[in-house]
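Subject: Structure for your review

Hello,

Here is the structure we talked about handing over. My notes follow below it.

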Amino acid sequence: MATPVKLTSMAKAAGCAAKLNPATLDSVLRKLPRQTDPNVLVGFDTNDDAGIYLIGEGLALVQTVDFFTPIVDDPFLFGQIAAANSLSDVYAMGGRPISSLSIVGFPEKGDPEILEQIIRGGLAKMTEAKCSVIGGHSIRNEDMLFGYAVTGLIDPNRVWRNVGARAGDVLLFTKPLGTGVITTALKKDRATPESLASAVSAMSTLNAASAAALQELDQKFQEAKPIHAVTDVTGFSLLGHAREMALGDPAHGLQPVSFEIDHAAFSYFPGAVEAAREGHLSGGLKNNRAFVGECAAFESSVPSEYQDLLFDPQTSGGFLVAIAADHADDALAAFARHGVNARRVGRVIPKASPLIRVF
């Protein structure tokens, strides 16, 4: 639908760049008590992508919620991207989404046709995922918001967490980087049609194929369990999510490790490097750099624009996977069979200082 309203002009921060400052969120969550319900297998205290709740022998719920401000100007595409992003956390844990509830914030005097197109776009993507939309909640809000709370099913013995990486693992990544700088450029009318089309295509693509490839690998090598950690990279950036993965979960026996990451191994959206070079950097990017900065060190050979892109907030981003080195080629082959252009982007080493080294 063509609309004279520029949706991104109505948002101070676009998409996952609108997330709270990670330092603020971390300082609050660390003060909260741990879960005591034994059926909570994964809760908010471990910074995982979604929560896991055991409901019976061999069956658990995986639950997540995600919503944000407009990241593109087309309302139908905004709805699709918001839905794909909301579903991603369930896929990243290894679950199968089954139902969802929509979350809507819309200006009281906003055009109902725009709202219809947003909801219609989200419904189309949920239908593609075979995830039923069974209700929702809406409020009057000057900042337009849209997303979903998603529930899925998962085998409690086959959960992929964002911690568990082991020294010797290979790091894989499944999508290009740069949605944040491109959409920031869009707000300034500086994004090229090619860069915007490429980013929108990736953001509206479900991570279902990536999850299916990993599940195929998981089934083929059940005894070896080569998949050690998985996370979807969103608002806290590639390096922000890598930090969480590297820190592990010592309380549950998953010790910290360090990462070596090759900035040149990633795929970047067309125009992303140029957008970063021109300074189209979101507030979220600057927050990520401030939060992760001391954990990450860059070799002098890494250009500043690539450093920015590794701190760039991603929306509906790819999977970062830590996998046993002797199964890395198997994983890349599985991704390729499912139409996913995954790349080998680094390796896991024993804990060292800095936590993450980028070369």
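Of the 359 residues in the chain, 52% count as buried. Please keep in mind that this is a predicted model.

Overall form. The chain's secondary structure amounts to 11 helices and 13 strands. Its radius of gyration is 19 Å, close to the 21 Å that the globule rule gives for 359 residues, so the chain is as compact as a globular protein of that length. Taken along the principal axes, the box filled by the C-alpha atoms is roughly 55 × 55 × 45 Å. Looking at contacts between residues at least 6 apart in sequence, 85% join residues at least 24 apart.

Surface and charge. About 15,200 Å² of the chain is exposed, and carbon and sulfur atoms supply 53% of that area. The chain carries 31 positive and 39 negative charges, and the mean positions of the two sets are 2 Å apart.

Core. The largest nonpolar core has 93 residues, of which Leu 238, Leu 239, Phe 259 and Ile 261 touch the most other members. Helix H2, residues 75-93, gives the most to this core, with 10 residues.

I also listed the neighbours of one of those four core residues. Leaving aside residues up to four places away in sequence, Ile 261 touches Leu 171, Leu 238, Leu 239, Ala 242 and Phe 266. Its other contacts under that count are Val 345, Gly 346, Ile 356, Arg 357, Val 358 and Phe 359.

Regards

Terms used
Residues numbered from 1 in each chain as written. Predicted model: local features only at pLDDT ≥ 70, side-chain atom pairs only at ≥ 80, totals over all residues. Heavy atoms only, no water. Helix = DSSP H or I, 4+ residues; strand = E, 2+ residues; numbered from the N terminus. Rg over C-alpha atoms; globule rule 2.2 N^0.38 Å. Buried < 20%, exposed > 50% of the residue type's maximum accessible area, 1.4 Å probe, protein only. Contact = heavy atoms within 4.5 Å. Areas by Shrake-Rupley, 256 points an atom, 1.4 Å probe, with all protein chains shown as cover. Lys, Arg positive; Asp, Glu negative; His and termini not counted. Charge placed at Lys NZ, Arg CZ, Asp CG, Glu CD. Core = buried A, V, L, I, M, F, W, Y, C linked by side-chain atoms within 4.5 Å.
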